[in-house]
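Work through the exercises below with the sequence and the model open. Each task is followed by a solution in steps.

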Amino acid sequence: LQVVRDQISHCTVKLRQTTGLMEYCLEVIKENDPSGFLQISDALIRRVHMTEDQWGKGTLTPRMTTDFDLNLDNAPLLQSIHQLDFVQMKVSSPVPAPPILQLEECCTHNNSATLSWKQPPLSTVQVEGYILELDDGNGGQFREVYVGKETMCTVDGLHFNSTYSARVKAFNKSGVSPYSKTLVLQTSEDTQSEEQTLPFPVPLERSQLRRMSPFSSTLNLQPSFSGRSYFELRSSAHQLSLHSSLQSLNSAVAWFSFDPSSAHADIIFSNDNLTVTCNSYDDRVVLGKTGFSKGLHYWELSIDRYDNHPDPAFGVARIDVLKDAMLGKDDKAWAMYVDNNRSWFMHNNSHTNRTEGGITKGATVGVLLDLTRRTLTFSINEDQQGPVAFENLEGLFFPAVSLNRNVQVRL
């Protein structure tokens, strides 16, 4: 590059000199006195010939070619390779002993569960981490649900009413320990008691993990809802189906609140995390603490404040849904957004089924997630809003809401 730059500079000087000579020749040709022209013509012709000869002596010939001769000297590398020598080192430490599951600290709440374990009291072998495995609840293969250094793990979004097995093993640089004893756990069944610590369900898919204190208890209600039916019984065959579905909710009830740990930072919580609003004019998303992967689930949200006609959205979402946009803008949420006059269903930013009828302060929005039929249906003030909103739902779903500072809702 330096050689080429030098040649460019040299050619630029020559070009400037030649251009000056050409301009001088043009001025001489304009001379009107023939005798004056004859006096300088010989000298001018010599200068032109001299300049022409200089250009013909390789001034414009490139001093560098486009082909470069590069020679790679690999002799030192080959010498180093030939001098390599491998020896087998002794194992510095044995593999860890099997961990012990601490049964008194293993418990669940709704469909979240906590497992705790420890190393044997007399073990002195260093442990770098643990691997927790669960089966599929049907006697199938075990799969990893946690790998890390913690000795306590909470798994969210698990099945109800099933039996599962769990086991854990430890590892270090030397290898992996044998498995602990297998813990067989039974989920909650229909009961008349008001308070009970439930055994452990298993996730449909690999679920979010976090370390926290063990749960204390969960509630089981009476075998059926007392008071009113959530959908008024109409003549419509579809609403008859909805009514029948809700009447079948006669076993354990899963209670949940909004989850501050997964919500957008602009969400404001109150009323033991049952009431939410926002300190931004932009839509922000908040999820419920409990995820559902099977069964029939219904919840209601009361509109406690509604100013300037915002568009809050209600529905379900995956745990990794966008938190800084309206619910339903991405493919991780299924929602109904509604103003004071009408509503729309939205998923993956696709708007469908515009329906007349909106919300005001004091209105109630109902969400019916039927994972047996794999459908999602909405209501406003106990009347179904539009047709079945979404079908063919499968996986792990969390209750979800998006709202801005002009609206406040209560679960």
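## Exercise 1: Charges over rings

Task: In this predicted model, find which ring face arginine 318 lies over, and at what distance from the ring centre.

Solution. Arginine 318 lies over the face of phenylalanine 397, 4.4 Å from the ring centre. A further case is arginine 167, placed over the face of tyrosine 179 at 3.7 Å from the centre of that ring.

## Exercise 2: The chain as a whole

Task: State how many helices and strands the protein chain has, what share of its residues is buried, and how its contacts are spread along the sequence.

Solution.
1. The secondary structure amounts to four helices and 23 strands.
2. Of the 411 residues in the protein chain, 43% are buried.
3. Taking contacts between residues at least 6 apart in sequence, 65% join residues at least 24 apart.
4. The exposed surface of the protein chain is about 23,300 Å², with 51% supplied by carbon and sulfur atoms.

## Exercise 3: An open sheet

Task: Give the strand order of the seven-stranded open sheet and say which strands stand at its edges.

Solution.
1. The order is β11-β12-β23-β14-β19-β20-β21, with antiparallel pairing.
2. β11 (267-270) and β21 (383-384) each have a single partner strand, so they stand at the edges and one side of each lacks a neighbour in the sheet.
3. Inside this order, β12 (residues 275-278) and β23 (residues 407-410) run antiparallel and are joined by two bridges.
4. Across this pairing, valine 276 stands opposite valine 409 of β23.

## Exercise 4: Two nonpolar cores

Task: Describe the largest nonpolar core and name the strand that gives the largest share of it.

Solution.
1. The largest core holds 36 residues, and those with the most contacts inside it are Ile303, Phe314, Leu369, Leu376 and Val409.
2. At least two residues each come from β12, β14, β15 (313-317), β16 (333-338), β19 (364-370), β20 (375-380), β22 (398-403) and β23.
3. β14 gives the largest share, four residues.
4. A second core, separate from this one, has 16 residues, including Cys106, Leu134, Tyr146 and Leu185.

## Exercise 5: Rings around phenylalanine 256

Task: Classify the pairing of phenylalanine 256 with phenylalanine 292 and with tryptophan 299.

Solution.
1. A pair of aromatic rings is described by the distance of the centres and the angle of the planes.
2. The whole structure contains nine aromatic pairs.
3. For phenylalanine 256 and phenylalanine 292 the centres are 6.1 Å apart and the planes stand at 70 degrees, so the pair is edge-to-face.
4. Phenylalanine 256 is in the loop between α4 (237-247) and β11, and phenylalanine 292 in the loop between β13 (284-287) and β14 (296-306), so the pair ties together parts 36 residues apart in sequence.
5. Phenylalanine 256 counts as buried at 15% relative accessibility, and phenylalanine 292 counts as buried at 2%.
6. Phenylalanine 256 also forms an edge-to-face pair with tryptophan 299, at 5.8 Å centre to centre and 85 degrees between the planes.
7. This second pair links distant parts of the chain, 43 residues apart, with phenylalanine 256 in its loop and tryptophan 299 in strand β14.
8. Tryptophan 299 counts as buried, at 6% relative accessibility.

Elsewhere, Trp117, Tyr130 and Tyr146 form one aromatic cluster.

## Exercise 6: Strand β4 and its partners

Task: Decide whether strand β4 (residues 129-134) is largely enclosed or open, and identify the strands that pair with it.

Solution.
1. Six of the six residues of β4 are buried, so the strand is largely enclosed by the rest of the structure.
2. In a regular strand the side chains alternate between the two faces of the sheet.
3. In β4, Gly129, Ile131 and Glu133 point one way, while Tyr130, Leu132 and Leu134 point the other way, and all are buried.
4. β4 runs antiparallel to β7, with six bridges between them; the bridge partner of tyrosine 130 in β7 is alanine 170.
5. β4 also runs antiparallel to β5 (residues 143-148), through five bridges; here leucine 132 stands opposite tyrosine 146.

## Exercise 7: Serine 165

Task: Locate serine 165, say whether it is buried or exposed, and list its contacts beyond four places in sequence.

Solution.
1. Serine 165 belongs to strand β7 (residues 163-172).
2. The cut-off for buried is under 20% relative accessible area; at 14%, serine 165 counts as buried.
3. Setting aside neighbours within four places in sequence, serine 165 contacts Glu133, Leu134, Asp135, Phe142, Thr182, Leu183 and Val184.

Conventions:
Residues are numbered from 1 along each chain as its sequence is written. This is a predicted model: local features need pLDDT of at least 70, side-chain atom pairs count only at pLDDT 80 or more; totals for chains, interfaces and linings use all residues. Side-chain values use heavy atoms; hydrogens and water are left out. Buried means under 20% relative accessible area, exposed over 50%, partly exposed in between (1.4 Å probe, protein chains only). Contact means heavy atoms within 4.5 Å. Accessible areas come from the Shrake-Rupley method with a 1.4 Å probe; for residues, only the protein chains shown count as cover. Two strands pair if DSSP finds at least two bridges between them. Rings of Phe, Tyr and Trp (its six-membered ring) pair if their centres lie within 6.5 Å; planes under 30 degrees apart count as stacked, over 60 as edge-to-face and the rest as tilted. A charge sits over a ring if NZ of Lys or CZ of Arg is within 6 Å of the ring centre and within 35 degrees of the ring normal. A nonpolar core is a set of buried Ala, Val, Leu, Ile, Met, Phe, Trp, Tyr and Cys residues joined through side-chain atoms within 4.5 Å.
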